[in-house]
Amino acid sequence: MREQDVPQEGNATLAGHRKAIYAVGDDGKLRLVPSRGWEVEEIVTRQAVEDLERRAREARERVRAGATSPLEYHMYRARMDLALLSQTTGLWRWRVRRHFKPRVFARLPLSLLQRYAEALGISVETLGQVE
Amino acid sequence: MSEPMAFGLSSALAFAYLPCIRINGMPLVAFRMPPRAIVKGLQRGLGFGMRFETFRSPASGTARLDALLDAGKLVGLQAGIYWLPYFPPDLRFHFNAHNLLVYGRDGDDYLVSDPVAEASTRCARKDMEKARFAKGVLAPRGLLYYVTTPPSEPDWAVLGRRALARTTDIMLRTPLPFVGVRGIEMLARRVERLPLDGGGERARLYIGHLVRMQEEIGTGGAGFRFMYASFLQELAGKTGHAALDGLAIRLVEIGDRWQEFAVAAARMIRRRDALAPPALAERLRALAGDERLFFQELRRVQRAWAC
């Protein structure tokens, strides 16, 4: 890539940060050139973020319909999946999946709720509800 | 020492397609060695002492970091991106193989130099602890590292020759079908066979993930190919071995092809072009072919380099 071809398209997902790209200058030498963003990166980042947001949204609908517990919603909101939440809390996957049942979740002891809240980086009160 | 020089001398350039390691349900595609291997590679080459430490408990990890900083050390850390508050929100995914440098402490804030942020930045102690002890794939387990004995003045020619041989070996001669040039071909086969059921949403996410692994992880773009090209130029300048200059330009062209792959993939994700995994697979195969020829040539140049 030549220095003048370094994309400056203003990638919104960088939130004003700039990225450095190696590009060939007029003297034929590679150097670091700041880039304000590339549309391609914005597309793939938005795609991944939107996929996670969609999963959270669908989980929220299911919480409202009484089909799952708020835990599943908060898991997707923290951009996690079952495998990661299980590793982060140190609980078996089947246990986490069981806690997705609203009736089981409603009876969880405080110690387990705290473990989930800690893993998800939210408070216990937040964990119990969907906004 | 510059970033490309460190990258090249530690033989960090690679390719690996690891379907058994899952990141959010997607395979890991690496364009470089894992961070710890990079630092170790550099240490081996430059003959300086480096100490790595991991910790069982977050509290002892934080206490050790504070003690090292109070002793005036510069400390490298591995951390999970998701928990670092200074990252742009849209980029905060659960990705653990991120490295940063802490150069001091101001009360409960660490002073951080991170390649992501242009200027140096700050990070609260409890946030850093969470990031350093993030769980999941490639969990850092609080990994920190620091220099114990400073490097001596290196012999660039000897180090360079050795590093080039290692990189060409990784790319051409690793006896595993998912590493190096053969790994790119394996990925091409996998992309070719992506199922298009359900409107192709899953296939779109898969190729989007590939592009993110290539462009978003780390600096420089094009899966670190530009950075390695920069290393070849710098090495040519330091040792006077001019044949490397021509190779650098060829590698820049290969990097451009990687970026064209990213553009083609992004157009399919945005539905500007019809979703056609075989067309992407064809591009990957062409890239594998280009890289094979490139590294064979690099190997010849390395062998012909008497010193």
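This passage describes aromatic pairs, charges over a ring, enclosed and open spaces, a buried helix and two single residues in a predicted model.

Over all chains, the structure holds 10 aromatic pairs. One of these is formed by B:Phe52 and B:Tyr145, with ring centres 5.6 Å apart and planes at 40 degrees, and the pair is classed as tilted. B:Phe52 belongs to strand E3 (residues 49-53) of chain B and B:Tyr145 to strand E8 (residues 144-149) of chain B, so the contact between the rings ties together parts that are 93 residues apart in sequence. Both B:Phe52 and B:Tyr145 are buried.

A second pair is made by B:Trp258 and B:Phe261. Their ring centres are 6.3 Å apart and their planes stand at 85 degrees, so this pair is edge-to-face. An angle over 60 degrees is what places a pair in that class. B:Trp258 and B:Phe261 both sit in helix H9 (residues 243-269) of chain B, where they are 3 residues apart, or about one turn of the helix. An α-helix has 3.6 residues a turn, so residues three or four places apart point the same way. The relative accessibility of B:Trp258 is 1%, and the residue therefore counts as buried. B:Phe261 has a relative accessibility of 2% and so counts as buried. Ring pairs also join B:Trp258 and B:Phe261 with B:Phe15 and B:Phe31 in a cluster.

The ring of B:Phe93 has charged groups placed over it. The charged end of A:Arg79 sits over this ring at 5.3 Å from its centre. B:Arg212 also lies over the face of B:Phe93, at 4.5 Å from the ring centre. The ring of B:Phe93 thus has a charge from chain A and a charge from chain B over it.

The search for enclosed space gave 1 cavity of 30 Å³ or more. The space in the largest cavity is about 30 Å³. Its lining consists of B:Val29, B:Phe31, B:Leu187, B:Leu210, B:Gln214, B:Trp258, B:Phe261 and B:Leu284. B:Phe31, B:Trp258 and B:Phe261 from the ring cluster are therefore also found in this lining. At least two lining residues come from each of strand E2 (26-32), helix H7 (201-215) and H9 of chain B. Sorted by class, the lining of the largest cavity has 7 nonpolar residues, 1 polar residue and no charged residues.

Open space was examined as well. The second largest pocket holds about 490 Å³ of space. A total of 28 residues line this pocket, and B:Leu28, B:Met33, B:Pro34, B:Pro35 and B:Leu138 are the ones nearest its centre. Strand E1 (13-23), E2 and helix H2 (35-46) of chain B are the elements that give two or more residues to the lining of this pocket. By class, the lining of the second largest pocket has 23 nonpolar, 2 polar and 3 charged residues. Strand E2 of chain B thus supplies residues to the lining of the largest cavity and to that of the second largest pocket.

In chain A, helix H3 (residues 82-89) is largely enclosed by the rest of the structure, because 6 of its 8 residues are buried. The buried residues of H3(A) are A:Leu82, A:Leu84, A:Leu85, A:Ser86, A:Thr88 and A:Thr89. Helix H2 (70-77), helix H4 (93-99) and helix H6 (110-120) of chain A are among the parts that cover them. After H3(A) comes A:Gly90, which has a positive phi, near 75 degrees.

Two single residues of chain B were also examined. B:Thr148 is found in strand E8 of chain B. With a relative accessibility of 40%, B:Thr148 counts as partly exposed. Leaving aside residues up to four places away in sequence, B:Thr148 touches B:Gly49, B:Met50, B:Arg51 and B:Lys73. The C-alpha atom of B:Thr148 is separated by 28 Å from that of B:Ala14, 134 residues apart along the chain.

B:Phe87 lies in the loop between strand E4 (75-79) and strand E5 (98-106) of chain B. Its relative accessible area is 6%, so B:Phe87 is buried. Residues up to four places away in sequence not being counted, B:Phe87 touches B:Ile81, B:Arg92, B:His98, B:Asp114 and B:Val116. Between the C-alpha atoms of B:Phe87 and B:Leu46, 41 residues apart along the chain, the separation is 32 Å.

Conventions
Residues numbered from 1 in each chain as written. Chains lettered and ligands numbered in written order. Predicted model: local features only at pLDDT ≥ 70, side-chain atom pairs only at ≥ 80, totals over all residues. Heavy atoms only, no water. Phe/Tyr/Trp six-rings, centres within 6.5 Å; stacked < 30°, edge-to-face > 60°. Helix = DSSP H or I, 4+ residues; strand = E, 2+ residues; numbered from the N terminus. Buried < 20%, exposed > 50% of the residue type's maximum accessible area, 1.4 Å probe, protein only. Lys NZ or Arg CZ within 6 Å of the ring centre and 35° of its normal. 1 Å grid on protein atoms, 1.4 Å probe; cavity = no way out; pocket = protein on both sides within 12 Å on 5 of 7 lines; lining within 4 Å. Points joined across faces, edges and corners; volume = space filled by probe spheres on them. Nonpolar A, V, L, I, M, F, W, Y, C, P; charged D, E, K, R; others polar. Contact = heavy atoms within 4.5 Å.
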